[in-house]
Amino acid sequence: MAQYRIKELLKERNMTQKDLAQKIGVSAVTLNRYMTGNPSVSSLEKIAGALDIEISELFVHRKTVETVPAFKCPHCGNKLYIEIKGEDYGEESF
């Protein structure tokens, strides 16, 4: 399932989900389903249009992952790496 930035974008615009739902002509329940499920492309187009953004901006943007050597494995001698992520919107990596 795709992750959407709709809540974040609403917050940036000082809008509520109810405001957005009214703007695109659906109920708050329907908008919530779009936000948590698999909305159609036309639904995403309506949301993007109402927020005055491109559809691609609705999707989670992951920042570049920086990988740094952490230490060597005491058994095989291979370098082990830790991924350090910037703002990630969800998943953690260790």
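This briefing covers the nonpolar core and the salt bridges of the structure above. The model is predicted. Its largest nonpolar core has 18 residues, and the structure holds 3 salt bridges. Arg-5, which lies in the segment before helix 1, takes part in a salt-bridge network with Glu-8, Glu-12 and Arg-13.

**Nonpolar core**

- Within the 18-residue core, the members that touch the most other members are Ile-6, Leu-20, Ile-24, Leu-31, Ile-47, Leu-51 and Leu-58.
- Four elements each supply two or more residues to this core: helix 1 (6–12), helix 2 (17–24), helix 3 (28–36) and helix 4 (41–51).
- Helix 4 gives the largest share, with 5 residues.
- In soluble globular proteins, nonpolar side chains tend to be buried together.

**Contacts of Ile-24**

- Ile-24 is among the core residues that touch the most other members.
- With neighbours within four places in sequence set aside, the contacts of Ile-24 are Leu-31, Tyr-34, Lys-46, Ile-47 and Ala-50.
- Two of these partners, Leu-31 and Ile-47, are also listed with Ile-24 among the core members that touch the most others.

**Salt bridges**

- Arg-5 pairs with Glu-8, and the closest N and O atoms of this salt bridge are 2.9 Å apart.
- A salt bridge also links Arg-5 to Glu-12, where the closest N and O atoms are 3.9 Å apart; this pair counts because the cut-off is 4 Å between a side-chain nitrogen of Lys or Arg and a carboxyl oxygen of Asp or Glu.
- Glu-12 forms a salt bridge with Arg-13 as well, at 3.6 Å from N to O.
- Through shared partners, these salt bridges join Arg-5, Glu-8, Glu-12 and Arg-13 into one network.

**Exposure of the charged residues**

- Arg-5 has a relative accessibility of 11% and therefore counts as buried, the limit for buried being under 20%.
- Glu-8, the partner of Arg-5 at 2.9 Å, counts as partly exposed because its relative accessibility is 23%.
- Arg-13 is likewise partly exposed, with a relative accessibility of 31%.

**Arg-5 and the backbone**

- Besides its salt bridges with Glu-8 and Glu-12, Arg-5 reaches the backbone oxygen of Glu-57 with its side chain, at 2.8 Å.
- The side chain of Arg-5 thus has a backbone partner in Glu-57, while Arg-5 itself counts as buried.

Definitions and conventions. Residues are numbered from 1 along each chain as its sequence is written. This is a predicted model: local features need pLDDT of at least 70, side-chain atom pairs count only at pLDDT 80 or more; totals for chains, interfaces and linings use all residues. Side-chain values use heavy atoms; hydrogens and water are left out. A nonpolar core is a set of buried Ala, Val, Leu, Ile, Met, Phe, Trp, Tyr and Cys residues joined through side-chain atoms within 4.5 Å. Buried means under 20% relative accessible area, exposed over 50%, partly exposed in between (1.4 Å probe, protein chains only). Contact means heavy atoms within 4.5 Å. A polar contact is a pair of N or O atoms within 3.5 Å; within protein, one must be able to donate a hydrogen and the other to accept it, and residues adjacent in sequence count only if both atoms are side-chain atoms.
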